[in-house]
Amino acid sequence: MEFEGEEIDFETAFKELEKITNRLESDKDGLEESLKLYKKGLNLCRICEERLKNAKLEIEYDGEENLEE
Amino acid sequence: MLMGFLEVLLKQFRKIFIYGEFNMQKFTVSQINRFIKQIFSFEEIFYGINIEGEISNFKYHKTGHMYFTLKDEKSSIYCVFFKEQADVVSFMPEDGMVVVVHGDVGVYEAYGRYQIYGISMKKVEEEGNLQKKLNMLKNKLSKEGLFNLENKKKLPQFPRKIGVVAANKGAAIEDILKIISKRFPVVKLYVCYAIMQGKSAVKSVIKSLKLCEKKEVDIIILARGGGSKEDLEVFDDEEMVRFISEIKTPIVSAIGHENDWSVVDLVSDFRASTPSSAAASVCPDIVNIFERINTYKDLFRRVLIKKIEDLEFRLMIYKKDLKFFQRERGFLKYFEIVRNFKKQLRYLIYKKYEKCYLVFEKKRILLSSLNPENIFKKGFALILDENEKKISSVKRTKVGKVLNVCFKDGDLLVEVVKKSLR
């Protein structure tokens, strides 16, 4: 399946998910294509949820060490 | 008694600060502040003086007391008018107003701060130099279009990397980290400390903003917690404001208090009232995202189920139609017969037409050959008597009669001279 094992980041996955949602809502595709989109969408949902659950804020510090004057 | 106490204190101070000796005798903070207050109270110059300056940070407390800072280009002093004195001030002081305060300079022991205890106040100018300069700067930058809404950059919906420029160990940075780690921990943070107050602040902030740009962050938060106007005036600096206006990354500012907008706030792409709200404005909330994902999942299922149901319904209709045709197959035979009849009829009509056309064509040719004009063309002529009657035989005329001989191109009048029969 597409995106399986790929290192896709949250933002890309979520934007793709929104695109699929819009396309499915527009009801333009046939059953077979819709099924494909459905599977892809669910996979993206899972990726997004995993990314959110496992997320840990990464912080890099830089700049002046001085305190306020 | 008091003098004796002061002398002892002075002695101790000299030992510690002037002669570099360190005595084990300790003082409390209150003792030192009391001592300094005493020194002030002995100086006659501090009583009944007039000080001119520009008002800033004016607060009219509900108790009726007035608090503000009196300042000039280089320096500032705290000033208080207690209710009794405040009540006799004939005008309402405002930030930026130039006034002369008449009062005493004394020490507020609790804070270890010297200040003016106002007695009366006179207004000199509605707007002081500092305020004028600030207003002029705002007008100039506004005319140049630096504050135009159409120039403001859009904040990304899902930033990958957020840059934060704030003071080291300030409440602002703590609040921002707390909010972002709670709302959207997926993001990467680049915290670049800067000096946020005083002379070196402008250069330090610009340097940190440049570092953020170098790190290719998607958005920058420039945050500074509350403070007096003097603490925050660095954010009215033209160099800093111009630098921010030219920066390519969207920038969210949260400078000072909610109601006081610095010039940096005016030029930034989005102004937040506090560092916390700045953090909340740059990233979505994880709770909402989970909700959205669940909504999408539901929607996927609903769309697919509907599609399948629609197809099933259509299939059912087709099946019904098919059954109908199977059952009524007998009719099809008659349809076929009618169709053949139609074909045959069309063929017969065509044949009939063709035959009629041929007959017509023959007649047309015949008619054309009988046209008298064609006879004239061959050299024949028509002969008429005096009554315009056709003469088709010599028997129908006599010698001496005048006849009209008609040719194709004209007539001749002739007289019969001789007659002979064949």
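Where does Ile317(B) sit? Ile317(B) belongs to helix H11 of chain B, which covers residues 286–327. The model is a predicted one. My points follow.

1. **Surface patch on chain B.** Ile317(B) is part of a nonpolar patch on the surface. Its partners there are Phe313(B), Leu315(B), Met316(B) and Tyr318(B). Together these residues make about 510 Å² of nonpolar surface. Ile317(B) itself has 35% relative accessibility, so it counts as partly exposed.

2. **Chain A in outline.** Chain A has two helices and one strand. Along the sequence they come in the order α-α-β. The chain is 69 residues long, and 39% of those residues count as buried.

3. **A salt bridge within chain A.** Which side chain does Lys40(A) meet in a salt bridge? The partner is Glu16(A), at 3.7 Å from N to O. Lys40(A) lies in helix H2 (residues 31–54) and Glu16(A) in helix H1 (residues 10–26), so the pair ties together parts of chain A that are 24 residues apart in sequence. Both ends of this bridge, Lys40(A) and Glu16(A), are buried.

4. **A bridge across a long sequence gap.** In chain B, the side chains of Lys71(B) and Glu233(B) form a salt bridge, at 3.9 Å from N to O. Lys71(B) is in strand S2 (residues 66–71). Glu233(B) is in the loop between helix H7 (229–232) and helix H8 (238–246). The pair therefore ties together parts that are 162 residues apart in sequence. The two ends can be taken in turn. Lys71(B) has a relative accessible area of 11%, so it is buried. Glu233(B) has 43%, so it is partly exposed.

5. **Another pair, and a network.** Glu125(B) and Lys132(B) form a salt bridge too. Their closest N and O atoms are 2.9 Å apart. Glu125(B) is partly exposed, with a relative accessible area of 32%. Lys132(B) is also partly exposed, with a relative accessible area of 32%. Elsewhere, salt bridges with shared partners join Lys140(B), Glu144(B), Glu238(B) and Arg242(B) into one network. Over all chains, the structure holds 26 salt bridges. As background, side chains of opposite charge can pair when their charged atoms come close.

6. **Helices H5 and H10 of chain B.** Two packed helices are described by the angle between their axes and the distance between the axes. For helix H5 (residues 171–183) and helix H10 (residues 275–282) of chain B, the axes come within 8 Å. They cross at roughly 30°. That angle makes H5(B) roughly parallel to H10(B), because angles under 35 degrees count as roughly parallel. The crossing of H5(B) and H10(B) is right-handed.

7. **Helices H6 and H8 of chain B.** At what angle do H6(B) and H8(B) pack? The angle is about 15°, and the axes are 9 Å apart. H6 covers residues 201–214 of chain B. This makes H6(B) roughly parallel to H8(B). H6(B) passes H8(B) in a left-handed crossing.

8. **Positive phi at Glu216(B).** Glu216(B) is not a glycine, yet its phi is positive, near 55°. Glu216(B) sits in the loop between H6 and strand S8 (219–224) of chain B. Is this residue buried or exposed? Glu216(B) has a relative accessible area of 65%, so it is exposed.

9. **Positive phi at Glu388(B).** Glu388(B) has a positive phi of about 65° although it is not a glycine. Its place is the loop between strand S11 (382–384) and strand S12 (402–406) of chain B. Glu388(B) is exposed, with a relative accessible area of 55%.

10. **A contact along chain B.** Glu84(B) lies in helix H3 of chain B, residues 83–86. Glu84(B) counts as exposed because its relative accessibility is 66%, and the cut-off for exposed is over 50%. How many residues along the chain lie between the positions of Glu84(B) and Ile119(B)? They are 35 residues apart along the chain, and their C-alpha atoms are separated by 8.8 Å.

Note on methods. Residues are numbered from 1 along each chain as its sequence is written. Chains are lettered from A and ligands numbered from 1 in the order in which they are written. This is a predicted model: local features need pLDDT of at least 70, side-chain atom pairs count only at pLDDT 80 or more; totals for chains, interfaces and linings use all residues. Side-chain values use heavy atoms; hydrogens and water are left out. Patches are made of residues with over 30% relative accessible area and no salt bridge: like charges are joined within 9 Å, nonpolar side chains (Val, Leu, Ile, Met, Phe, Trp, Tyr) within 5 Å. Accessible areas come from the Shrake-Rupley method with a 1.4 Å probe; for residues, only the protein chains shown count as cover. A salt bridge is a side-chain nitrogen of Lys or Arg within 4 Å of a carboxyl oxygen of Asp or Glu. Helices (H or I, at least four residues) and strands (E, at least two) are DSSP runs, numbered from the N terminus. Buried means under 20% relative accessible area, exposed over 50%, partly exposed in between (1.4 Å probe, protein chains only). Axes are lines fitted to C-alpha atoms, for helices over the stretch in contact, and angles run from 0 to 180 degrees between N-to-C directions. Angles under 35 degrees count as roughly parallel, over 145 as roughly antiparallel, 65 to 115 as roughly perpendicular and the rest as oblique. A crossing is left-handed if the near helix is turned anticlockwise from the far one by less than a right angle, and right-handed if clockwise.
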